[in-house]
Structure formats: C-alpha cells, structure tokens
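Hi,

Here is the protein I said I would pass on to you. Have a look at it first, and then read on for what turned up.

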Amino acid sequence: MLIRNETAGDIPAISRLVTEAMLLLPQATGTEARIVERLRADGALSLSLVAEETGQVIGHLAASAARIGNQDGWALIGPLAVLPAWHRQGIGSALMAEALRRLRTTSRGAALVGDPAYYGRFGFRSFPGLFVPGCPPDVVQALPFDDSTPHGELIHHPAFGLDPQA
Ligand SMILES: CC(C)(COP(=O)(O)OP(=O)(O)OC[C@H]1O[C@@H](n2cnc3c(N)ncnc32)[C@H](O)[C@@H]1OP(=O)(O)O)[C@@H](O)C(=O)NCCC(=O)NCCS
C-alpha cells in the first residue's frame, strides 16, 4: 500500500470513495465528496493524500487551513475515508500518520470533528473552550504540535458548511 499526493487522474475515484465510505455514517448526506471538490476548486486543499493498492485508490485524507479563536496556523483534517471493503487494515491510520508527519512542519497543530473513540488513538482530544457551534464538545478535537492551547471556535473552510441540497 502506497500513501501519496492525489493526482488529477485520482479525482473521480476520490469522490466515489468518500461518498461510499461516508454512507456508513448515520449522519451521511451523500454530499460529503462535494466538500473535497469545493476545497480543491478553491485551492484550499493543503493536503490531499490517497492510499493506493494495486493501482486502486482505496483511501483518502484531506486537510485544509483552519483558525481556532484568533489563532491561525491550524490544519483541519477531514474528511478521512477508506473504502468499506478495506476497513480495519490500518489504511486510515497510515493516512493519518503521514498527514500528521507532514503537517508538523507546516502547522501549529491539527484539529478535526469526529468520533473521539477513533481519533483519540492518534493523540487528538477535546479542550475546554474549543468548540464548533452545534457540535457536541467531545467531537471537536485538536492535537497541538507545539505549546499552543486551542481555545475558541474552530473555524474551517466554508466548504464544510455546504448546503446538502445545493
Ligand atoms: C474511520 C475510517 C477512516 C477508519 O479507517 P480504517 O482503515 O478502517 O482504520 P484503521 O484500520 O487504521 O483502524 C481501524 C480501527 O479503528 C476502529 N474504528 C474505526 N472507526 C471507528 C469509530 N468510529 N470509533 C471507534 N473505533 C473505530 C476499528 O474498530 C479498528 O479498531 P481495531 O484496530 O482495534 O480493530 C473508516 O472506517 C471509514 O472510512 N469510515 C467511514 C467514514 C468515517 O467515519 N470517516 C471519519 C469521519 S470524517
């Protein structure tokens, strides 16, 4: 399995896999791929990593610039998606490890909104006062790379607020 940057030829496969993987979530809207497409169109994808196995794109991780409170320099990780047939084989973890390795050189820390039971294994945790309006506080998590303390609203790219009907 190879982790590498996306190429133009990967784009349709990335959209398909993000949609297919996210359908497993009860809160899926079927429009999650559009988040990645909009980030890409806006030049806002600071990372777009694919996991490739025998020529097939089986996993994807996106990252984009974010702010926490009045602090720039955070990286928002998401969506992270692995094709269901490839789950529990370490693909998500490998994508995350490579993303964190790269983001450490460019960001003060990483943040995300997701299941703490999964992301805790990578060192993500909630912080008092770190929030996204409308989200339970425990799903809003950060992993500082330096002595930054994430405090305030996690402000991410407008692509994440895409109207599901749009
Ligand atoms: C979450 C996801 C990316 C993990 O990918 P993966 O390649 O299966 O992950 P890994 O193989 O590295 O890790 C699998 C481990 O995480 C656990 N895990 C997966 N999702 C979990 C969750 N929501 N909560 C707790 N544990 C979870 C698995 O049980 C497994 O545990 P084990 O190692 O003890 O057996 C994948 O399940 C997926 O695409 N899910 C649908 C989309 C999604 O939920 N994306 C994240 C939100 S943006």
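Below is a run through the overall fold, then the cores, then a handful of individual residues.

One thing up front: this is a predicted model, so please read everything here with that label attached.

**Overall fold**

The protein has 4 helices and 8 strands. From the N terminus onwards, they come in the pattern β-α-α-β-β-β-α-β-α-β-β-β. The radius of gyration is 15 Å, close to the 15 Å that the globule rule gives for 166 residues, so the protein is as compact as a globular protein of that length. If you want box dimensions, the C-alpha trace spans about 40 × 35 × 30 Å along its principal axes.

Of the 166 residues, 46% count as buried. Looking at contacts with a sequence separation of 6 or more, 62% are between residues 24 or more positions apart. On the outside, the protein exposes about 8,200 Å², and carbon and sulfur atoms supply 54% of that area. As for charges, there are 13 positive and 16 negative side chains, with the centres of the two sets 3 Å apart.

**The cores**

Which residues touch the most other members of the largest nonpolar core? They are I77, M96, L100 and F124, in a core of 41 residues. Several elements feed into this core with at least two residues each: the helices α1 (11–22), α2 (32–41) and α3 (91–103), along with the strands β2 (47–53), β3 (56–68), β4 (71–82) and β5 (109–113). There is also a second, separate core of 12 residues, with A66, I68, W74 and V140 among its members.

F124 is a good place to start clicking around. Beyond its neighbours within four places in sequence, F124 is in contact with I77, M96 and L100, which are the other residues picked out above for touching the most core members. The rest of its contact list is A110, A111, L112, Y119, Q141, A142 and L143.

**I14 and R40**

These two make a pair worth viewing together. I14 lies in helix α1 and R40 in helix α2, and the two residues touch each other. I14 is buried, with a relative accessible area of 0%. Leaving out residues up to four places away in sequence, I14 also touches E6, V36, S48, V50, V57 and H60. On the same basis, R40 touches E6, I11 and L45 as well as I14, so E6 is a contact of R40 and of I14.For distances across the sequence, the C-alpha atoms of I14 and L83 are 69 residues apart along the chain and separated by 10.0 Å. R40 and A159 are 119 residues apart along the chain, with 9.8 Å between their C-alpha atoms.

**Backbone oddities**

Most residues other than glycine have a negative phi, and most peptide bonds are trans. Here are the places I would look at with that in mind.

A cis peptide bond joins G78 and P79, with omega at about -5°. Both G78 and P79 are in strand β4. Is G78 buried or exposed? G78 counts as buried, at 8% relative accessibility. Its contacts, leaving aside neighbours within four places in sequence, are A62, A63 and F160. G78 and T31 are 47 residues apart in sequence, and their C-alpha atoms are 14 Å apart in space.

Then there are T54 and R88. T54 has a positive phi, near 40°, without being a glycine. T54 sits in the loop between β2 and β3 and is exposed, with a relative accessible area of 75%. R88 is not a glycine either, and its phi is positive at about 60°. R88 is in the loop between β4 and α3, and is exposed as well, with a relative accessible area of 87%.

**E98**

Last one: E98, in helix α3. E98 is buried, with a relative accessible area of 16%; the cut-off for buried is under 20%. Not counting residues up to four places away in sequence, E98 touches I3 and L49. Going back to I14, E98 is 84 residues from I14 in sequence and 18 Å from I14 in space, C-alpha to C-alpha.

That's the lot. Enjoy poking around in it.

Cheers

Methods. Residues numbered from 1 in each chain as written. Predicted model: local features only at pLDDT ≥ 70, side-chain atom pairs only at ≥ 80, totals over all residues. Heavy atoms only, no water. Rg over C-alpha atoms; globule rule 2.2 N^0.38 Å. Buried < 20%, exposed > 50% of the residue type's maximum accessible area, 1.4 Å probe, protein only. Contact = heavy atoms within 4.5 Å. Areas by Shrake-Rupley, 256 points an atom, 1.4 Å probe, with all protein chains shown as cover. Lys, Arg positive; Asp, Glu negative; His and termini not counted. Charge placed at Lys NZ, Arg CZ, Asp CG, Glu CD. Core = buried A, V, L, I, M, F, W, Y, C linked by side-chain atoms within 4.5 Å.
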